[in-house]
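User: Please take a close look at one pair of packed helices in this model and describe how the two are arranged, what they touch and how they sit in the rest of the chain.

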Amino acid sequence: MGRHRNSQKRIYIPGATYFITTVTHGRYPYFEEEIFRELFVDELLFCSELKSFSLYAYAVMPDHAHVLLRPMGRWNYSEIMFSLKKQFSHMANCVMGFNTLYDVTIPWDAHPEGAPAEGAQTFARLRRALRGYRAMFMQQYGSRSPHPPFKWQKSYHDHYIRDMDDLRNHLAYIARQCSHHGYVGSVWVDGMGDES
């Protein structure tokens with residue numbers, strides 16, 4: 001067991017699945033914008049390839065997101081969340097015009113010869129999508145964003161999935177987020193069968 005840098009107790013169990021909730025700063029409803037919901041999902045899928053985790057479900061609501069994932073590689077869920085939150089914040093601010101599109105980098109950008117081919121292709125797709133999101137945002141709002149720069153709350157809530165009943169309960173919880181909040185969000189749940 002390790003300690004997270006903000007002294008919150010984090011439990012790292014190899015092969016474990018985690019339910020994670022992260023909230024926007026001040027609960028600002030950035031995700032009412034479909035552009036930001038889609039961008040978050042794109043970044044989540046990109047991060048799952050880059051940081052080697054299995055994604056079982058997600059829900060993106062106006063001011064928060066739920067993710068159910070299992071780290072499969074060398075990165076623990078704290079490292080995954082750090083990367084996801086940092087990259088998404090930067091990209092959302094690119095879309096709103098607070099950052100430039102060319103500031104978006106990944107560790108191997110400076111040394112493309114060291115890039116895994118599939119990672120480089122995924123990142124190229126993400127950059128193209130980011131330009132598209134920026135163009136859509138500009139078409140809708142012009143050069144002035146009606147939103148403040150994107151920020152997350154500093155931490156997040158995590159829950160270690162203990163057994164199949166716990167897993168089913170959290171999958172069902174994610175699946176009913178739109179009806180629970182009375183809001184159309186972005187929800188996806190994998191039919192996991194008998195995985196634990």
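Analyst: The crossing of H1 and H2 is right-handed. This holds for a predicted model, as does everything that follows. Two packed helices are described by the angle between their axes and the distance between the axes. Here the axes of H1, residues 34-50, and of H2 come within 10 Å and cross at roughly 140°. That angle makes H1 oblique to H2, because angles over 145 degrees would be needed for a roughly antiparallel pair.

The interface can be listed by residue. From H1, the participants are Ile35, Phe36, Leu39, Phe40, Glu43, Leu44 and Cys47. On the side of H2 they meet Ile80, Ser83, Leu84, Gln87, Phe88, Met91, Ala92 and Val95. The H1 residues named here also appear among the buried residues of that helix, which include Ile35, Phe36, Leu39, Phe40, Glu43, Leu44 and Cys47. Arg37, Val41, Phe46, Ser48 and Leu50 of H1 are buried as well.

H1 is mostly covered, with 12 of its 17 residues buried. In H2, 15 of the 19 residues are buried, so this helix is largely enclosed by the rest of the structure. For the chain as a whole, 48% of the 196 residues count as buried.

The lengths of both helices can be set against the rise of 1.5 Å a residue. H1 reaches 24 Å from its first C-alpha to its last, close to the 24 Å expected for its 17 residues. For H2, residues 77-95, the 19 residues should span 27 Å, and the end C-alpha atoms are 26 Å apart, which agrees.

The ends of the helices can be described in turn. At the start of H2, a side-chain oxygen of asparagine 76 reaches to within 2.9 Å of the backbone nitrogen of serine 78. After H2 comes glycine 97, with a positive phi near 90°. H1 is followed by serine 52, and the phi of serine 52 is also positive, near 55°.

Other parts of the chain approach H2. Valine 95, one of the H2 residues that meet H1, has its C-alpha atom 8.0 Å from that of alanine 135, although the two are 40 residues apart along the chain. Alanine 135 belongs to helix H3, residues 117-141, and is partly exposed, with a relative accessible area of 44%. Threonine 22, in strand E3 (residues 18-23), counts as buried because its relative accessibility is 2%. Beyond its neighbours within four places in sequence, threonine 22 is in contact with Met81 and Lys85, and also with His64, Ala65, Trp152, Ser155 and Tyr156.

The surrounding chain has 5 helices and 7 strands. From the N terminus, its elements run β-β-β-α-β-β-α-α-β-α-α-β. Of the contacts between residues at least 6 apart in sequence, 72% join residues at least 24 apart. A pair with a long separation in sequence is arginine 70 and isoleucine 161, which are 91 residues apart in the chain and 9.8 Å apart from C-alpha to C-alpha. Arginine 70 lies in strand E5, residues 64-71, and counts as buried at 11% relative accessibility. A polar atom of the arginine 70 side chain lies 3.2 Å from the backbone oxygen of glycine 15.

Terms used:
Residues numbered from 1 in each chain as written. Predicted model: local features only at pLDDT ≥ 70, side-chain atom pairs only at ≥ 80, totals over all residues. Heavy atoms only, no water. Helix = DSSP H or I, 4+ residues; strand = E, 2+ residues; numbered from the N terminus. Expected span 1.5 Å × (residues − 1). Buried < 20%, exposed > 50% of the residue type's maximum accessible area, 1.4 Å probe, protein only. Polar contact = N/O pair within 3.5 Å; in protein donor to acceptor, adjacent residues only side chain to side chain. Axes fitted to C-alpha atoms, helices over the stretch in contact; angles between N-to-C directions. Parallel < 35°, antiparallel > 145°, perpendicular 65-115°, else oblique. Left-handed = near helix turned anticlockwise from the far one by under 90°. Contact = heavy atoms within 4.5 Å.
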